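Welcome, and please open your viewer. We will go from stop to stop, with something to select at each one.

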Amino acid sequence: MKKITSALLLLLIAVGAQAQLLWKISGNGLQKPSYIIGTYHLAPVSFADSISGVKEALAASEQVYGEVIMADMMKPENMTKVQAAMMLPEGQTLDKLFTAEEMTRINAMLKSIMGVDMSNPMVAQQIGRLTPQALQTQLGLLIYLKKHQGFNPNESFDGYFQKEAAAKGKTVGALETIDFQINTLYKSMTMERQKQLLLCLADNMEFNEEQTENVVKSYFAQDLDGVAAAMDAKLNNTCDGTPEEKDVLIYNRNADWMTKMPEIMKQKPTFFAVGAGHLPGDRGVLELLKKAGYTVESVK
């Protein structure tokens with residue numbers, strides 16, 4: 001496991017007593033409590049050691065559920081599906097989608113983030129056939145990595161909890177199918193909207209880098225409300241996510257999970273590990289659980 005930085009460790013010590021990433025779910029007929037934790041996909045696995053009560057909650061749970069089963073996601077046939085979803089149709093390239101002026105803006109962004117742009121033939125070959133949405137996702141990862149170390153695609157934070165469960169012979173399950181996630185993450189927007197949002201990233205680099213940093217700081221401070229506020233930061237123009245887009249990415253999925261979670265928890269005490277952005281707010285999973293009659297308490 002990679003170690004978290006000393007600065008991050010000091011931050012964790014300072015806020016540890018106010019941790020609110022891990023929550024206990026009880027009542028409403030449950031014989032034993034279940035738990036839910038908000039994850040950040042790029043967090044180092046070692047961060048789990050800083051979350052109060054997480055090992056005890058894992059030990060008390062008889063199964064772990066994530067958004068998808070991470071081991072299945074890494075299977076060659078599913079990786080092939082992901083790669084296919086990230087690519088433009090045969091014969092199409094980014095420089096054919098955008099005008100020369102728009103490509104100038106995109107290349108300036110690539111140079112800022114990567115140090116090279118698509119005037120480099122190797123770079124053009126590697127990313128020139130990505131969909132705008134897929135490229136934006138990859139650039140989001142690079143923006144994070146400019147300031148933070150510890151991300152290992154072979155040791156994801158979400159996958160850590162599933163690996164721990166599997167190692168102890170516990171059930172590992174998923175709230176969504178891999179095909180559903182692929183469609184949601186890479187095929188839920190029109191090509192015109194994908195193009196618009198990639199240009200928004202190119203034209204508002206400072207805003208996007210600040211937003212990423214605010215999400216990261218709030219998450220490592222274990223502040224779900226701060227994460228939600230950072231995610232909701234707006235430019236007050238067409239670059240902002242629409243209510244319909246937020247429904248697709250967050251709220252419709254939350255509602256769908258709530259049709260499944262009660263039966264899953266009824267069968268066995270369960271440890272749920274899902275993206276932190278799904279937990280807070282009036283339509284977040286924590287509030288939906290409360291409205292369904294469960295007692296939801298922060299584990300401190």
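**Two helices that cross**

Begin with helix 8 and helix 11, whose crossing is left-handed. By class, the residues where helix 8 meets helix 11 are eight nonpolar, three polar and one charged. Keep in mind as you look around that this is a predicted model.

To see that meeting place, select P132, Q133, L135, Q136, L139 and I143 on the helix 8 side. Then add M191, Q194, K195, L197, L198 and L201, which are their partners in helix 11.

How is such a pair described? Two packed helices are characterised by the angle between their axes and by the distance between those axes. For helix 8 and helix 11 (residues 191–203), the angle is about 30° and the axes are 8 Å apart. Helix 8 is therefore roughly parallel to helix 11, since angles under 35 degrees are counted that way.

**From helix 8 towards helix 9**

Now follow the chain onward from helix 8 (132–145) into the loop that leads to helix 9 (157–167), and select S156 in that loop. Is S156 buried or exposed? Its relative accessibility is 15%, so S156 counts as buried, the cut-off for that being under 20%.

Show the side chain of S156 and look for the backbone nitrogen of G159: a polar atom of that side chain lies 2.8 Å from the nitrogen. Which residues does S156 contact beyond its neighbours within four places in sequence? They are V45 and M70, so try adding both to your selection.

Next, colour the buried residues of helix 9, namely F157, D158, G159, Y160, F161, Q162 and A165. After helix 9 comes G169, where phi is positive, near 75°.

**A second helix pair**

Select helix 12 (residues 205–220) together with helix 13. Here the axes come within 8 Å and cross at roughly 170°. Helix 12 is therefore roughly antiparallel to helix 13, as angles over 145 degrees count that way.

For the contact itself, pick Q211, N214, V215, S218 and Y219 in helix 12, then G226, V227, A230 and M231 in helix 13. Sorted by class, the residues where helix 12 meets helix 13 are five nonpolar and four polar, with no charged ones.

Zoom in on Q211, which belongs to helix 12. What does its side chain reach? The backbone oxygen of M231 is one partner, at 3.4 Å. A polar atom of the Q211 side chain also lies 3.0 Å from the backbone oxygen of A230. Setting aside residues up to four places away in sequence, Q211 touches A230, M231 and A233.

**Two asparagines in loops**

Where is N236? Look in the loop between helix 13 (224–231) and helix 14 (243–258). N236 has a relative accessibility of 67%, so this residue counts as exposed. Check its backbone too: phi of N236 is near 60°, a positive value in a residue other than glycine.

Then jump to N28, in the loop between strand 1 (22–26) and strand 2 (34–39). Phi of N28 is near 55°, again positive in a residue that is not glycine. With a relative accessibility of 44%, N28 counts as partly exposed.

**An exposed helix residue**

Select Q125, a residue of helix 7 (residues 121–127). Q125 is exposed, with a relative accessible area of 68%. Now draw a line from its C-alpha to that of T93: the two residues are 32 apart in sequence, and the line spans 9.5 Å.

**A buried last stop**

Finish at V285 in helix 16 (residues 285–291). Is V285 buried or exposed? At 0% relative accessibility, V285 counts as buried.

What does V285 touch, not counting residues up to four places away in sequence? Select I36, N254, W257, M261, H278 and L279 to see these contacts around V285. Add M258 as well: its C-alpha is separated from that of V285 by 7.6 Å, although the two are 27 residues apart along the chain.

Technical notes
Residues are numbered from 1 along each chain as its sequence is written. This is a predicted model: local features need pLDDT of at least 70, side-chain atom pairs count only at pLDDT 80 or more; totals for chains, interfaces and linings use all residues. Side-chain values use heavy atoms; hydrogens and water are left out. Helices (H or I, at least four residues) and strands (E, at least two) are DSSP runs, numbered from the N terminus. Buried means under 20% relative accessible area, exposed over 50%, partly exposed in between (1.4 Å probe, protein chains only). A polar contact is a pair of N or O atoms within 3.5 Å; within protein, one must be able to donate a hydrogen and the other to accept it, and residues adjacent in sequence count only if both atoms are side-chain atoms. Contact means heavy atoms within 4.5 Å. Axes are lines fitted to C-alpha atoms, for helices over the stretch in contact, and angles run from 0 to 180 degrees between N-to-C directions. Angles under 35 degrees count as roughly parallel, over 145 as roughly antiparallel, 65 to 115 as roughly perpendicular and the rest as oblique. A crossing is left-handed if the near helix is turned anticlockwise from the far one by less than a right angle, and right-handed if clockwise. Ala, Val, Leu, Ile, Met, Phe, Trp, Tyr, Cys and Pro count as nonpolar, Asp, Glu, Lys and Arg as charged, and the others, Gly among them, as polar.
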